[in-house]
Amino acid sequence: MGNVIPYSLLSDFDINLFKAGKHYRLYNHLGSHPMKYKGKKGTYFAVWAPSAKSVSVIGDFNYWVEGEHQLNVRWDESGIWEGFIPGVEQGALYKYKIHSNNNDIKTEKADPFARFCQHPPNTASVVWDNAYKWKDKNWMDTRETKNSLDKPYSVYEIHLGSWKRTKDNEFMSYVDLAEDLVKYLKEMNFTHVEFMPIMEYPYDPSWGYQLTGYFAPTSRFGKPEDFKLLVDKLHQNDIGVILDWVPSHFPEDAHGLGFFDGSSLYENPDRRRGYHPDWKSLIFNYGRNEVRAFLISNANFWLDQFHADGLRVDAVASMLYLDYSREEGEWEPNIYGNNENLEAISFIRELNQEVYSSFKGIQTIAEESTSFSMVSKPVSIGGLGFGMKWMMGWMHDTLEYFKKEPIYRTHHQNDLTFSMTYAFTENFMLPFSHDEVVYGKQSLLYKMPGDEWQRFANLRLLYGYMFTHPGTNLIFMGGEFGQSSEWNFQQSLDWHLLQYDYHAGIQELVKDLNKLYRSSPALYEKQFSPEGFQWIDYGDSENSVLTFIRRGHEPKNDLIVACNFTPVIREGYRIGIPKKGTLKEVFNSDAKKYGGSGSKNTGLKVSKTVWHGHKTSVEITIPPLGVVVFQ
């Protein structure tokens with residue numbers, strides 16, 4: 001095997017873009033690329049290490065010996081080391097041995113741009129080319145219409161390692177999931193799936209939120225092309241794919257990005273800005289051009305190479321604020337004397353502008369828990385440029401309300417109605433995510449008060465209320481059949497519970513709610529607009545009843561929703577409605593097939609009795625702890 005042959009995949013133009021932080025396709029140039037050069041098979045390597053005195057590629061092809069294959073430093077002060085090594089082909093294991101100018105420090109690092117990594121706890125990068133023939137042209141060509149903000153967005157959030165396990169408690173592979181998961185999502189009528197981070201991560205209990213391989217799908221479940229197959233199969237079945245993406249922080253693992261070339265290369269060198277006290281991790285240096293180019297290239301990589309339809313950006317609040325999780329004296333204000341991280345804010349805007357202009361029909365979704373304004377408004381008017389934002393306030397208030405025994409709910413109706421005072425300030429997604437069912441918070445089912453019947457009725461009511469509330473929806477796996485224990489990332493969901501009627505009933509309910517949402521323009525066409533919602537009555541706290549109208553573009557599609565948050569059936573309950581005609585019940589959470597008591601509405605005639613400020617009204621039955629929807 002020969003030594004390193006001088007060769008480059010980088011033009012002067014690439015280098016200028018990289019230095020300016022405007023190169024958004026770095027994965028085509030940096031990292032390892034198997035190829036032929038002058039008739040010889042081998043691999044081109046390129047790595048950014050500006051503080052290095054020397055950089056060697058070490059691997060199973062040179063017995064991990066430093067100096068055998070030393071890369072050449074470029075002459076243009078870009079800090080990039082590169083070269084072609086003949087004989088190194090697909091599947092070769094490697095790392096970079098970096099000898100730093102900084103105090104003669106030596107580091108041994110995985111490739112930041114590796115397309116494939118060894119299975120943890122092993123930490124080497126793998127030379128790989130990710131070749132795959134896509135079959136999702138139909139989805140990609142029509143995605144812009146299917147994935148837009150006036151279409152249904154019902155998301156199933158999943159942790160791949162614990163959705164289902166094999167009989168021996170082994171992980172299911174991407175290939176297995178391309179059969180089982182796709183079939184399940186289709187049966188359940190979800191429109192999208194959101195994968196908790198699938199980029200390579202060393203530590204299982206981090207659930208994937210501490211990444212070391214930003215450009216590699218984790219090898220726990222198979223090869224990169226196997227993950228492409230999973231995405232492809234989802235698309236062929238009209239299911240959109242959202243990936244959790246973590247540009248907020250990264251772990252200090254020795255082989256990762258931290259202190260990469262013996263200097264703070266990717267992380268902010270100031271610990272007040274570069275270290276995360278909560279997660280004991282490092283924070284990216286958003287003011288450094290090359291780091292911005294790395295992160296935006298990474299977002300593009302998943303949208304481009306893996307056909308992702310959206311990115312759910314994790315921990316945005318921790319990026320926006322300099323004092324996030326910090327005490328007095330542990331942070332430094334910005335140039336204006338306040339707590340906003342101006343570099344991170346400008347990075348987020350640049351990111352959103354780039355991905356939306358480069359990929360038709362994608363969405364970015366912010367997990368952002370504060371009242372930072374205009375998160376989902378366009379950059380052109382001063383917003384951050386996300387497509388949607390998680391509605392954490394709604395989630396928190398709603399769960400607090402539902403935890404209360406019905407007898408006390410009469411005093412807390414405001415907890416439910418408050419969300420409508422700000423519901424249209426952002427494009428909100430309503431999330432019941434993994435975070436709500438771990439660390440002693442209990443499962444959604446066990447947050448509910450009352451005996452067994454009431455618990456399940458409350459959960460059905462919660463989902464009915466969620467799906468009819470303005471905004472898009474997200475449910476974490478297991479929630480759709482009323483998993484009774486907290487989520488445990490080390491084992492499969494409790495699928496055996498589906499042998500019990502109540503659990504099977506919850507699953508049936510979620511399936512039908514997804515169907516109702518997808519087939520009712522009133523629930524999605526104006527889901528982010530105040531025109532899509534009108535209260536009938538939010539003031540009947542004595543009976544703990546809420547009634548409202550959902551509207552789409554066509555008045556004939558309007559839906560009327562009535563929710564009863566007590567176990568007392570409300571018969572002959574009069575509500576005012578805007579027009580004459582007959583009302584038809586299209587959904588009832590108390591149906592027997594869901595485990596309910598079977599109360600229902602038939603033959604409802606609208607009368608000319610003035611009620612709730614409307615000239616016409618109707619008497620309905622609202623089931624105990626139930627939600628009923630009329631057309």
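Reader: What is the order of the strands in the open sheet of four strands?
Author: The model is predicted. In it, four strands form an open sheet with antiparallel pairing. The order is β1-β2-β5-β4.

Reader: Which strands stand at the edges of that sheet?
Author: An edge strand has a single partner, so one side of it is left without a neighbour in the sheet. Two strands fit that description, one at residues 31-37 and one at 72-73. They are β1 and β4.

Reader: How many bridges join β1 to β2?
Author: β2 covers residues 40-48 and runs antiparallel to β1. One bridge pairs K36 with K41 of β2. The number of bridges joining β1 to β2 is seven.

Reader: Is strand β3 mostly covered or mostly open, and how many of its residues are buried?
Author: β3 spans residues 52-59, which is eight residues. The strand is mostly covered. The buried count is seven.

Reader: What is the bridge partner of S54 in β6?
Author: β3 pairs with β6, residues 93-100, in the antiparallel sense. Seven bridges hold that pairing. For S54, the partner in β6 is H99.

Reader: Does A366 count as buried or exposed?
Author: A366 is found in strand β17, residues 363-366. Buried means under 20% relative accessible area. A366 has 0% relative accessibility, so this residue counts as buried.

Reader: Which residues is A366 in contact with, leaving aside its neighbours within four places in sequence?
Author: Sequence distance does not keep A366 from R312: they are 54 residues apart in sequence, yet 5.9 Å apart in space, C-alpha to C-alpha. The contacts of A366, with those neighbours set aside, are V313, V316, V375, F386, M388, K389 and W390.

Reader: Where does the charged end of R312 sit?
Author: W390 is one of the contacts of A366. The ring of W390 also has a charge over it, 4.4 Å from the ring centre. The charged end of R312 sits over W390.

Reader: How many aromatic pairs does a search of the whole structure find, and what kind is the pair of W207 and Y439?
Author: The search finds 56 aromatic pairs. W207 and Y439 lie 5.7 Å centre to centre, with 25° between the planes. Planes under 30 degrees apart count as stacked. The pair is therefore stacked.

Reader: How many residues apart in sequence are the parts that W207 and Y439 tie together?
Author: W207 lies in the loop between β11 and β12, and Y439 in the loop between β19 and α12. W207 is buried at 9% relative accessibility, whereas Y439 is exposed at 69%. The pair ties together parts whose separation in sequence is 232 residues.

Reader: What kind of aromatic pair do F476 and W487 form?
Author: F476 is in strand β20, and W487 is in the loop between β20 and α14. F476 is buried at 4%, and W487 is buried at 8%. Their centres are 5.1 Å apart with 75° between the planes, and the pair is edge-to-face.

Reader: Which residue lies over the face of W453?
Author: This is another charge over a ring. The distance from the ring centre is 5.8 Å. The residue is R460.

Reader: How many residues does the largest nonpolar core have?
Author: In soluble globular proteins, nonpolar side chains tend to be buried together. Here, Y156, W163, F195 and Y463 have the most contacts inside the largest core. Apart from it lies another core of 16 residues, among them I549, L583, I622 and V628. The largest core has 173 residues.

Methods
Residues are numbered from 1 along each chain as its sequence is written. This is a predicted model: local features need pLDDT of at least 70, side-chain atom pairs count only at pLDDT 80 or more; totals for chains, interfaces and linings use all residues. Side-chain values use heavy atoms; hydrogens and water are left out. Two strands pair if DSSP finds at least two bridges between them. Buried means under 20% relative accessible area, exposed over 50%, partly exposed in between (1.4 Å probe, protein chains only). Contact means heavy atoms within 4.5 Å. Rings of Phe, Tyr and Trp (its six-membered ring) pair if their centres lie within 6.5 Å; planes under 30 degrees apart count as stacked, over 60 as edge-to-face and the rest as tilted. A charge sits over a ring if NZ of Lys or CZ of Arg is within 6 Å of the ring centre and within 35 degrees of the ring normal. A nonpolar core is a set of buried Ala, Val, Leu, Ile, Met, Phe, Trp, Tyr and Cys residues joined through side-chain atoms within 4.5 Å.
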